[in-house]
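Colleague: I should like to learn how helix packing and internal space are read from a model. May we work through one example together?

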Amino acid sequence: MRSLERAIAKYDLPAVEKISAAQAESAFQVLIATLLSARTQDATTHAASTRLFQRAWTPQAVAKLPVRDIERLIYPVGFYRTKARHVKACCEILVSRFGGRVPGTLEELVTLPGVGRKTANLVLILAFRSRENICVDIHVHRISNRLGWVTTLAPDETEQALYRVAGRRWWPVINQYLVTWGQNVCRPVSPRCGDCAIAPHCQKIGVEDSRHLVGAEHQPRPRAKRGTT
Ligand code: SF4
């Protein structure tokens, strides 16, 4: 993680972290940007979030927008129709059940439409400055398995495994570091192992198998766990 900390310095922050930094950790904006970010390029997420927040920047204001308007504002994020419905429903619930504020517990956050553990953990880390959560998306899942830190089949399983093997001080930044690495170096297909600053620490589990999977998300093969952070 220390090698990674130095290596990511030259790369852009992932979109949600960028929005969080720009919006002084507004829990609402982090929540909505994270909802929009699933299966969407960072630049698209950033542009869509910016358009939406320019039109409406509170749960009350977004809840009043027609779904069609939200669709137009967030297009072309992936699954924009579903996400527009989730964004509106989410804002209505924030207003009716949580007094217009984003709740600060994982249990409450996952009751919101479209919000799973990944989104909830990221909101807690970025907006509530939690040091007790690890946010695992597909990059964190893939790279943790390639490195040999965990041997898991799904992101939720990876999250639980990382709580056991990762040093506690790194929990809040694992997502930022590995997402940055996953977007720039340890890509799903054809990872740039030759240019990788953490190659000496990596077991490269399943990497050779991923080279023929052009256009598909690589899922590491299960294998006996050999190392930790
Ligand atoms: S050595 Fe290759 S597989 Fe391992 S982290 Fe670096 S890019 Fe990813």
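Colleague: How are α3 and α7 oriented to each other, roughly parallel or roughly antiparallel?

Modeller: Please note that this model is predicted. The general idea is to compare the angle between two helix axes with a cut-off: angles over 145 degrees count as roughly antiparallel. Here helix α3 (residues 27-37) and helix α7 (residues 80-98) pack at about 155°, their axes lying 10 Å apart. The two helices, α3 and α7, are therefore roughly antiparallel. As for handedness, α3 passes α7 in a right-handed crossing.

Colleague: Which residues make the contact of α3 with α7?

Modeller: From α3 come Phe28, Leu31, Ile32, Leu35, Leu36 and Ser37, and from α7 come Lys83, Val87, Cys90, Cys91 and Leu94. Sorted by class, this contact of α3 with α7 has nine nonpolar residues, one polar and one charged.

Colleague: At what angle do α10 and α11 pack?

Modeller: The same reading applies, with a category for angles that fit none of the named ranges: those count as oblique. For α10 and α11 the angle is about 60°, and the axes are 9 Å apart. That makes α10 oblique to α11. Their crossing is left-handed. Val140, His141, Ser144 and Asn145 of α10 meet Pro155, Thr158 and Leu162 of α11. The contact of α10 with α11 divides into three nonpolar, four polar and no charged residues.

Colleague: Turning to open space, how much lies in the largest pocket, and which residues are nearest its centre?

Modeller: A pocket is an open set of points, whereas a probe in a cavity cannot get out. The largest pocket holds about 1,000 Å³ of space. Its lining numbers 35 residues, with Ser37, Thr40, Asp137, His139 and Gln183 nearest the centre. Several helices each supply at least two lining residues, among them α2 (15-22), α4 (42-55) and α9 (117-126). The largest share, five residues, belongs to α12. By class, the lining of this pocket comprises 13 nonpolar, 11 polar and 11 charged residues.

Colleague: How many cavities of 30 Å³ or more does a search of the whole structure find?

Modeller: The search finds one. The largest cavity contains about 110 Å³ of space. It is lined by 15 residues, and Cys186, Pro191, Cys193, Cys196 and Cys202 lie nearest its centre. Helix α10 gives the largest share of that lining, three residues.

Colleague: How does the lining of the largest cavity divide by class?

Modeller: The lining of the largest cavity has 12 nonpolar, no polar and three charged residues.

Key. Residues numbered from 1 in each chain as written. Predicted model: local features only at pLDDT ≥ 70, side-chain atom pairs only at ≥ 80, totals over all residues. Heavy atoms only, no water. Axes fitted to C-alpha atoms, helices over the stretch in contact; angles between N-to-C directions. Helix = DSSP H or I, 4+ residues; strand = E, 2+ residues; numbered from the N terminus. Parallel < 35°, antiparallel > 145°, perpendicular 65-115°, else oblique. Left-handed = near helix turned anticlockwise from the far one by under 90°. Contact = heavy atoms within 4.5 Å. Nonpolar A, V, L, I, M, F, W, Y, C, P; charged D, E, K, R; others polar. 1 Å grid on protein atoms, 1.4 Å probe; cavity = no way out; pocket = protein on both sides within 12 Å on 5 of 7 lines; lining within 4 Å. Points joined across faces, edges and corners; volume = space filled by probe spheres on them.
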